[in-house]
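Welcome, and please have a look at the sequence and the model below. We will walk through some helix packing, then the overall fold, and then a few individual residues.

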Amino acid sequence: MTSDFPILATRIGKRSLVYLDNAATTQKPRQVLQAELDYYEKVNSNIHRGAHYLSRLATEQHEQARATVARFLNAASEREIVFTSGCTAGINLVAQVLALSGLVSAGDEILVTTDAHHSNIVPWQMLCQRTGAVLRPIPLTPELTLDTSAYLGMLNPRTRIVAAPYISNALGVINPIPQMIAAAKRNRPDCLFLVDGAQSTAHMAVDVQALGCDFYAFSGHKVYAPTGTGVLWGREELLAQLPPWLGGGEMIKEVSFSGTTYNDLPFKYEAGTPNIAGNIVLAAALDYVQGIGLSEIDAHEQRLTRSLYDGLTALGGINILGPREGRGALISVVIPGVHHYDLGTLLDQMGVAVRTGHHCCQPLMQYLGTTGTTRYSFAVYNTEADVAAALSATERALNMLR
């Protein structure tokens, strides 16, 4: 499987690359790279309104890609699949249209998790500024898991929106999303629940119908697809009710100076020329993942994560954020007396690529009392040899820094 990813043959000096920055972006298999080349060599054309062969072919492949995404998420309809430029764009789309919809009023409450990414905080702050709603963070337990009791206590008749990551990009903790959704809906049936799927989509099977959420967003580049691709899934009846966001071509049925009739779903939310190649290649990436099997991917990555967790624990003096169990394929650490950037720099010199910093989670870092962490994160192509290399490099780096 590692041989499917050409970039993994990269050398860092005399060492082979050990790529453990997958929570930031995943590498691309040959099948995905070939799909993009095939599009530009054989298909390249604009879609939906062209009368010629290439336009028809591009349109067919683009809408087949939408069908692939719908199957991947078990959406009830392809009309529920809106192509975006990434998870950030999807969350912003929801927040912006809700601000225009009149469904959010002054005094309504929006709950977000303390471990949320900035892209799942700032759009809701902007919505609050426009509507008079109030943003409330859900606290964490001392073990850095979601405080379920506190969450249940925060739910009340004013709770209008809950937005949470399935897996924390900074902690790796898997949030109890099904239980959170069920509780929110029991409290208020019209409460809207958005799931940030940026860190879950490549690692675990997601069934949006079974979850019972209202929106689910993810980025393509974290699931072996190109950057600048993503998906927002939304319940069809809700998307049909909400107003459009961007105006322009494709999102209209008819335009006159006296008024405009908007297009049907999902095109109402896809103004302008989409990332045609990127969306088609995103489908190829999802096919690649399905071909391996998400249960197999999850089991493989869990073995690696536990192995790294135990190895870091054995090194001693390392504060691993979050519990050993109930986490996704990433581990963040804080090491007293060692700056995260210094550790990341030394690991890089030894061929191990990790991510350092606040991971777009500054409120969480303030909560933790740190400026940042060092994050190791896995993908399908990582191996036990990568874990061993990361542990060896970490030990050597700490011996230099302490």
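Which hand does the crossing of α11 and α13 have? The crossing of these two helices is right-handed. Keep in mind throughout that this is a predicted model.

## Helix pairs

Let us stay with that first pair. Helix α11 covers residues 340–349 and helix α13 covers residues 384–401; their axes come within 9 Å and cross at roughly 125°. That angle makes α11 oblique to α13. On the α11 side, the contact is formed by Asp342, Leu343, Leu346 and Leu347. Their partners in α13 are Ala393, Thr394, Ala397, Leu398, Met400 and Leu401. Sorted by class, the contact of α11 with α13 has eight nonpolar residues, one polar and one charged.

The next pair brings together helix α1, residues 30–42, and helix α9, residues 276–292, whose axes come within 9 Å and cross at roughly 150°. Because of that angle, α1 counts as roughly antiparallel to α9. The hand of this crossing is right-handed. From α1, the residues Gln31, Val32, Ala35, Glu36, Tyr39 and Tyr40 take part. They meet Ile276, Ala277, Ile280, Val281, Ala284, Ala285 and Tyr288 in α9. The residues of the contact of α1 with α9 divide into eleven nonpolar, one polar and one charged.

Helix α9 also packs against α2: the two lie at an angle of about 40°, with their axes 9 Å apart. This makes α2 oblique to α9, and the crossing of α2 and α9 is left-handed. The α2 residues in the contact are Ala58, Gln61, His62, Ala65, Thr68, Val69 and Phe72. In α9 they meet Ile276, Asn279, Ile280, Ala283, Leu286, Asp287, Val289 and Gln290. By class, the contact of α2 with α9 has nine nonpolar, five polar and one charged residues. Ile276 and Ile280 of α9 are worth finding on screen, as they appear in the contact with α1 and also in the contact with α2.

Here are the residue classes of the contacts side by side.

| Helix pair | Nonpolar | Polar | Charged |
|---|---|---|---|
| α11 with α13 | eight residues | one residue | one residue |
| α1 with α9 | eleven residues | one residue | one residue |
| α2 with α9 | nine residues | five residues | one residue |

## The fold as a whole

Stepping back, the secondary structure of the protein comes to 13 helices and 17 strands. Its radius of gyration is 22 Å, close to the 21 Å that the globule rule gives for 402 residues, so the protein is as compact as a globular protein of that length. Along the principal axes, the C-alpha atoms fill a box of roughly 70 × 55 × 35 Å. Of the 402 residues, 56% are buried. Among contacts with a separation of 6 or more, 70% are between residues 24 or more positions apart.

## Glutamate 109

Now for a single residue: is glutamate 109 buried or exposed? With 7% relative accessibility, glutamate 109 counts as buried, because the cut-off for that class is under 20%. You will find glutamate 109 in strand β5, which spans residues 109–113. Leaving aside residues up to four places away in sequence, glutamate 109 touches Val134, Arg136, Met154, Asn156, Arg158, Thr159, Arg160 and Ile161. Threonine 345 lies 236 residues from glutamate 109 along the chain, and their C-alpha atoms are separated by 42 Å.

## Backbone details in loops

Some loop positions also deserve a visit. The peptide bond from leucine 265 to proline 266 is cis, with omega near -5°. Proline 266 sits in the loop between β12 (259–262) and α9.

Asparagine 74 has a positive phi, near 55°, although this residue is not glycine. Asparagine 74 belongs to the loop between α2 (53–73) and β4 (81–84). With a relative accessible area of 33%, asparagine 74 is partly exposed.

Glutamate 250 has a positive phi too, near 75°, and is likewise a residue other than glycine. The loop that holds glutamate 250 runs between α8 (236–241) and β11 (252–256). Glutamate 250 counts as buried, at 12% relative accessibility.

Key:
Residues are numbered from 1 along each chain as its sequence is written. This is a predicted model: local features need pLDDT of at least 70, side-chain atom pairs count only at pLDDT 80 or more; totals for chains, interfaces and linings use all residues. Side-chain values use heavy atoms; hydrogens and water are left out. Axes are lines fitted to C-alpha atoms, for helices over the stretch in contact, and angles run from 0 to 180 degrees between N-to-C directions. Helices (H or I, at least four residues) and strands (E, at least two) are DSSP runs, numbered from the N terminus. Angles under 35 degrees count as roughly parallel, over 145 as roughly antiparallel, 65 to 115 as roughly perpendicular and the rest as oblique. A crossing is left-handed if the near helix is turned anticlockwise from the far one by less than a right angle, and right-handed if clockwise. Contact means heavy atoms within 4.5 Å. Ala, Val, Leu, Ile, Met, Phe, Trp, Tyr, Cys and Pro count as nonpolar, Asp, Glu, Lys and Arg as charged, and the others, Gly among them, as polar. The radius of gyration is taken over C-alpha atoms; the globule rule is 2.2 Å times the number of residues to the power 0.38. Buried means under 20% relative accessible area, exposed over 50%, partly exposed in between (1.4 Å probe, protein chains only).
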